[in-house]
Amino acid sequence: MVNSEDFVKRMEKILDYYNLTATAFAEEVDFNRSTISHLLSGRNKPSLEFVMKLLQKFPEVDLNWLLYGKGTFPTVLNNLKEINTPSQKNQNDTKKSFDLFSNDITDTTKNIIHNSGNSNKIEKIVFFYSDGSFNVYQN
């Protein structure tokens, strides 16, 4: 079950991270300002539709972190994406895809995963798409 007080703190952290007011945030996730106000005051709990829109608009937000406070914000995967992005001078190079289950993980990537504060190994990754579908990648 989602703890309303903790959920509000995490929402406020998202607003701070993106430097958004509650009104600007409401526009970004395409929800009424009153809905956001009720969520931030703790009056209402988040709907599935709200959570899905938030995750869709802000991919750095992890579902488990948002709902239960488990994991990190912004997500470690966002940091990994930055490592694999070609530099300005190598824009013509083919971008190497990142496979979390590969044995060819770079030392830099291992350090990010190790230093994320989570000593558990990744078991499963779920991607949610805007059309409501999802993919599950499991080791």
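This text walks through the structure, from its nonpolar core to its backbone exceptions. The model is predicted.

Start with the core. The largest nonpolar core has 21 residues. Six of these touch the most other members: F25, I36, F50, L54, V61 and L66. Several helices feed this core. Helix 1, helix 2, helix 3, helix 4 and helix 5 each give two or more residues to it. Helix 4 spans residues 48–57. Helix 1 covers 4–17, and helix 2 covers 22–29. Helix 3 runs over 33–41, and helix 5 over 63–68.

What does L54 touch, leaving aside residues up to four places away in sequence? Its partners are I14, F25, V29, V61 and L66. Three of these names, F25, V61 and L66, also stand in the list of residues that touch the most other core members.

Now turn to the charged side chains. How many salt bridges does the structure hold? There are three. One joins E28 to K57, with the closest N and O atoms 3.4 Å apart. This pair links distant parts of the chain. E28 sits in helix 2 and K57 in helix 4, 29 residues apart. Both ends are partly exposed: E28 has a relative accessibility of 35%, and K57 has a relative accessible area of 42%.

Another salt bridge pairs D30 with K53, at 3.6 Å between the closest N and O atoms. D30 lies in the loop between helix 2 and helix 3, while K53 lies in helix 4, so the pair ties together parts that are 23 residues apart in sequence. The two ends are not alike in exposure. D30 is exposed, with a relative accessible area of 58%. K53 is partly exposed at 23%, because the exposed class begins only over 50% and the buried class lies under 20%.

K53 also meets E49 in a salt bridge, at 3.9 Å from N to O. This one stays inside a helix. Both residues lie in helix 4, four residues apart, about one turn of the helix. E49 is partly exposed, at 49% relative accessibility. Salt bridges that share partners join D30, E49 and K53 into one network. K53 is the shared partner, since it bridges to D30 and to E49.

The aromatic rings come next. The count of aromatic pairs comes to 10. Y17 and Y18 form one of them, an edge-to-face pair. Their centres are 4.9 Å apart, with 85 degrees between the planes. The pair counts as edge-to-face because that class takes planes over 60 degrees apart. Y17 is partly exposed at 42% relative accessibility, and Y18 is partly exposed at 23%. W65 and F73 make a stacked pair, 4.7 Å centre to centre, with 15 degrees between the planes. W65 and F73 are both buried. Ring pairs also build a wider group. They link Y17, Y18, F25, F31, F50, F58, W65 and F73 into a cluster. Two members of this cluster, F25 and F50, are also among the core residues that touch the most other members.

Further along the chain come two strands. Strand 1 covers residues 124–128 and strand 2 covers residues 134–138. They pair in the antiparallel sense over five bridges. Within this pairing, I125 stands opposite Y137 in strand 2. The two strands form a hairpin with five residues between them. In its turn, G132 has a positive phi of about 90 degrees.

Last, look at the backbone. Most residues other than glycine have a negative phi, and most peptide bonds are trans. Which residues depart from this pattern here? N19 is one case, with a positive phi near 55 degrees. N19 is in the loop between helix 1 and helix 2, and it is exposed at 71% relative accessible area. D30 is another, with a positive phi of about 60 degrees. This is the D30 of the salt bridge to K53.

The peptide bond from F73 to P74 is cis, with omega near -10 degrees. P74 lies in the loop between helix 5 and helix 6, and helix 6 spans 76–83. F73, on the other side of this bond, is the ring that stacks with W65.

Note on methods:
Residues are numbered from 1 along each chain as its sequence is written. This is a predicted model: local features need pLDDT of at least 70, side-chain atom pairs count only at pLDDT 80 or more; totals for chains, interfaces and linings use all residues. Side-chain values use heavy atoms; hydrogens and water are left out. Buried means under 20% relative accessible area, exposed over 50%, partly exposed in between (1.4 Å probe, protein chains only). A nonpolar core is a set of buried Ala, Val, Leu, Ile, Met, Phe, Trp, Tyr and Cys residues joined through side-chain atoms within 4.5 Å. Contact means heavy atoms within 4.5 Å. A salt bridge is a side-chain nitrogen of Lys or Arg within 4 Å of a carboxyl oxygen of Asp or Glu. Two strands pair if DSSP finds at least two bridges between them. Rings of Phe, Tyr and Trp (its six-membered ring) pair if their centres lie within 6.5 Å; planes under 30 degrees apart count as stacked, over 60 as edge-to-face and the rest as tilted.
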